[in-house]
Amino acid sequence: MGLFSRKKEVDVALLEAQFGAVVPWQGTGLSVTACLVRTGMRRKGAAPGVEVRAGDAVGVFTAAELLAVFKGMTPIAETFVDSPQLLFFCRADAGGKGSSAYEAFAALPDGSYALAGADEPMSVFAQVSPQEVPQLEGWLRALPGL
């Protein structure tokens with residue numbers, strides 16, 4: 001394989017059918033629904049994604065990026081380019097001292113995660129409690145195409 005080899009083709013129709021059968025995950029104040037995000041220069045490709053809702057806050061993330069947050073590979077995931085709103089999904093300890101994130105996350109318990117807005121000062125729309133984390137992470141890992 002060369003530097004500019006073709007990427008493996010994704011069967012978008014098959015993924016859409018599989019994602020239609022996935023039961024949404026429901027947490028305390030937060031719901032997560034499987035969806036596809038369109039990728040590539042012409043948006044012909046697709047990748048597993050999730051729509052996260054908490055009240056009026058709605059954001060679309062790639063499933064791989066949310067899993068990276070749970071694995072500890074990155075502390076923060078940002079919504080995908082075509083998302084209705086700019087939101088962040090992050091570990092409760094992701095905010096540096098003196099930042100608006102630090103103040104917004106101060107009341108969250110250790111081991112929890114937050115869905116936060118991009119406004120200043122930062123607001124937390126919902127949290128995933130330490131007890132819910134394994135459930136949501138397991139749900140994400142079971143998504144087709146990951």
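Good morning. I shall begin with one pair of residues: Leu115 has Ala126 in strand E8 as its bridge partner. A second pair belongs beside it, for Ala114 is matched with Gln127 of E8. Please keep in mind throughout that this is a predicted model.

These pairs introduce the strands themselves. Strand E7 covers residues 113–117 and strand E8 covers residues 124–128; the two pair in the antiparallel sense, over four bridges. The connection from E7 to E8 is a hairpin of six residues.

Where do E7 and E8 sit in the wider arrangement? They belong to an open sheet of four strands, in the order E5-E6-E7-E8, with antiparallel pairing. Strand E5, residues 76–78, and E8 stand at the edges with a single partner strand each, so one side of each has no neighbour in the sheet. From one strand to the next, the twist averages 20 degrees. Helix H2 packs on this sheet, where it touches E5, strand E6 (87–91) and E7. The direction of H2 makes about 170 degrees with that of E5.

I turn now to the other sheet. An open sheet of four strands is also formed in the order E1-E2-E3-E4, again with antiparallel pairing. Its edge strands are strand E1, at 25–27, and strand E4, at 57–62, and each of them pairs on one side only. Here the twist averages 30 degrees from one strand to the next.

Within this sheet, strand E3, residues 45–54, is joined to E4 by six bridges, and the two strands run antiparallel. One position to locate on the model is Val50, which stands opposite Phe61 in E4. Helix H2, residues 63–71, packs on this sheet as well, touching E3 and E4. What angle does the direction of H2 make with that of E4? The value is about 90 degrees.

A further helix concerns this sheet. Helix H4, residues 133–141, lies across E1, strand E2 (30–39) and E3. Relative to E2, H4 runs at about 30 degrees.

Let me close with the charged side chains. Side chains of opposite charge can pair when their charged atoms come close. How many salt bridges does a search of the whole structure find? It finds three.

I take H4 again for one of them. The side chains of Glu137 and Arg141 meet in a salt bridge, at 2.8 Å from N to O. Both residues lie in helix H4, four residues apart, which is about one turn of the helix. Is Glu137 buried or exposed? Glu137 is buried, because its relative accessible area of 17% falls under the 20% limit. Arg141 is partly exposed, with a relative accessible area of 44%.

Another salt bridge is formed by the side chains of Arg53 and Glu51, with an N to O distance of 3.0 Å. Arg53 is partly exposed, at a relative accessible area of 38%. Glu51 is also partly exposed, at 24%.

There remains the salt bridge between the side chains of Arg91 and Asp93, at 2.9 Å from N to O. Arg91 has 24% relative accessibility and therefore counts as partly exposed. Asp93, at 54% relative accessibility, counts as exposed because its value is over 50%.

To restate the central arrangement, helix H2 touches E3 and E4 of one sheet, and E5, E6 and E7 of the other. Thank you for your attention.

Notes. Residues are numbered from 1 along each chain as its sequence is written. This is a predicted model: local features need pLDDT of at least 70, side-chain atom pairs count only at pLDDT 80 or more; totals for chains, interfaces and linings use all residues. Side-chain values use heavy atoms; hydrogens and water are left out. Two strands pair if DSSP finds at least two bridges between them. Axes are lines fitted to C-alpha atoms, for helices over the stretch in contact, and angles run from 0 to 180 degrees between N-to-C directions. Contact means heavy atoms within 4.5 Å. A salt bridge is a side-chain nitrogen of Lys or Arg within 4 Å of a carboxyl oxygen of Asp or Glu. Buried means under 20% relative accessible area, exposed over 50%, partly exposed in between (1.4 Å probe, protein chains only).
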